[in-house]
Amino acid sequence: MGIFDRFENAVEKGVNNVFSKVFRSGLKPVDISSALHRVMDDQIEIPEGATPDSANPVAPNFFVVRIANSDLEALEGEGTEATAEELERGATRYAEEQNYVLAGPVSVKFEGTDEESTGTLEIIAEVRRGSVAPATGATPTPTHPIIDVDGDKWLLTEDVTVIGRSSKADIQVDDSGVSRKHVEFRITPQGVILTDLGSTNGTFVEGHRVEAATLLDGNQITIGRTRILFWTHPEE
């Protein structure tokens, strides 16, 4: 049984935990980042039947940050979308440092409240499963492989994973040489099958252009200028 399989029960339980804090001065992104890390530490889940020493805990990956409208307006001046993306990257790095497992990509959303006092912070945290998850604290298995996409490692949690430029792809890459839906990874009892989805520039495995191929550990796949590495067992 793979590490992700052992966390299915924890994923089902991880809903709507709340963390609140009031800062005396105006709220800053670094305050929110520290609060997110605190939430992740406080609300980890251990797989049923496991002990803290026998399995990596799963941490929340979906956060709604509720702050005073005055603080939200200040953040909007800096760009809430950019701030959220930086918080998401920071939380993912923190999960990796702490060996926490994430059930899906980290997502941070902001909501304003009628609270007049600046510095008021409330975080609603939830475990949400995604079609892929950052490969923090996870070990690859034949049923849940790990791929490295230009340095970012992803755990494949579904039977089919699509990579491309489109926002509707499971893993989106910023590469003009990649088609909107370029390639899929399909997990089968016979192995993981890579299939080109009619891309313009083709898909290459170990330098050879392929329409489809059964992947082996350590295979290097190239789409456009993007390099992808593949594993179903721990790296040597």
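## The overall picture

Helices here are DSSP runs of H or I with at least four residues, strands are E runs of at least two, and both are numbered from the N terminus. Counted that way, the protein chain has four helices and 16 strands. Keep in mind as you look around that this is a predicted model.

How much of the chain is tucked away from the surface? Of its 236 residues, 50% count as buried. The accessible surface adds up to about 11,900 Å², and carbon and sulfur atoms account for 45% of that. As for how the chain folds back on itself, take the contacts between residues at least 6 apart in sequence: 63% of them join residues at least 24 apart.

## The seven-stranded sheet

One open sheet has seven strands, and you can walk across it in the order β5-β7-β6-β16-β15-β12-β13, with antiparallel pairing. At the edges stand β5 (132-134) and β13 (208-210); each has a single partner strand, so one side of each has no neighbour in the sheet. Going from one strand to the next, the twist averages 30°.

## Strand β16 and its two neighbours

Let's zoom in on β16, which covers residues 226-231. Why can this strand be called largely enclosed by the rest of the structure? Five of its six residues are buried, so the surroundings cover most of it; buried here means a relative accessible area under 20%.

On one flank, β16 pairs with β6 (residues 146-149) in the antiparallel sense, over four bridges. Two of the partnerships are easy to find by residue: Val-149 has Ile-228 as its bridge partner in β16, while Asp-148 has Leu-229.

β15 (residues 220-223) is another antiparallel partner of β16, again joined by four bridges. Look for Thr-222, which stands opposite Arg-227 in β16. These two strands form a hairpin with two residues between them, and in that hairpin Gly-224 takes a positive phi near 60°.

## The five-stranded sheet

There is also an open sheet of five strands, ordered β9-β8-β10-β11-β14, and here the pairing is mixed. Its edge strands are β9 and β14 (212-214), each of which pairs on one side only.

Strand β8 (residues 160-164) is a good place to see the mixed pairing at work. Is β8 mostly covered or mostly open? It is mostly covered, with four of its five residues buried. β8 pairs with β10 (residues 183-188) in the antiparallel sense over four bridges. In that pairing, Thr-161 is matched with Phe-185, and Val-160 has Arg-186 as its bridge partner. The pairing of β8 with β9 (residues 171-172) is parallel and has two bridges; there, Gly-164 has Gln-172 as its bridge partner.

## Helix α2 against helix α4

Now for a helix pair. Two packed helices are described by the angle between their axes and the distance between those axes. For α2 (residues 29-42) and α4 (residues 80-98), the angle is about 40° and the axes lie 10 Å apart. That makes α2 oblique to α4, because angles under 35 degrees would count as roughly parallel and 65 to 115 as roughly perpendicular. The crossing of α2 past α4 is right-handed.

Which residues meet where these helices pack? From α2 come Pro-29, Ile-32, Ser-33, Leu-36, His-37, Met-40 and Asp-41. They meet Thr-83, Leu-87, Gly-90, Ala-91, Tyr-94 and Ala-95 in α4.

## Two loop residues with positive phi

Two residues are worth a look for their backbone. Asn-99 isn't a glycine, yet it has a positive phi of about 60°. You'll find Asn-99 in the loop between α4 and β3 (107-113). With a relative accessible area of 42%, Asn-99 is partly exposed.

Glu-206 is also not a glycine, and its phi is positive at about 55°. This residue sits in the loop between β12 (203-205) and β13, back in the seven-stranded sheet. Buried or exposed doesn't quite settle Glu-206: at a relative accessible area of 45%, it counts as partly exposed, since that label covers values between the 20% and 50% cut-offs.

Conventions:
Residues numbered from 1 in each chain as written. Predicted model: local features only at pLDDT ≥ 70, side-chain atom pairs only at ≥ 80, totals over all residues. Heavy atoms only, no water. Buried < 20%, exposed > 50% of the residue type's maximum accessible area, 1.4 Å probe, protein only. Pairing = 2+ DSSP bridges. Axes fitted to C-alpha atoms, helices over the stretch in contact; angles between N-to-C directions. Contact = heavy atoms within 4.5 Å. Areas by Shrake-Rupley, 256 points an atom, 1.4 Å probe, with all protein chains shown as cover. Parallel < 35°, antiparallel > 145°, perpendicular 65-115°, else oblique. Left-handed = near helix turned anticlockwise from the far one by under 90°.
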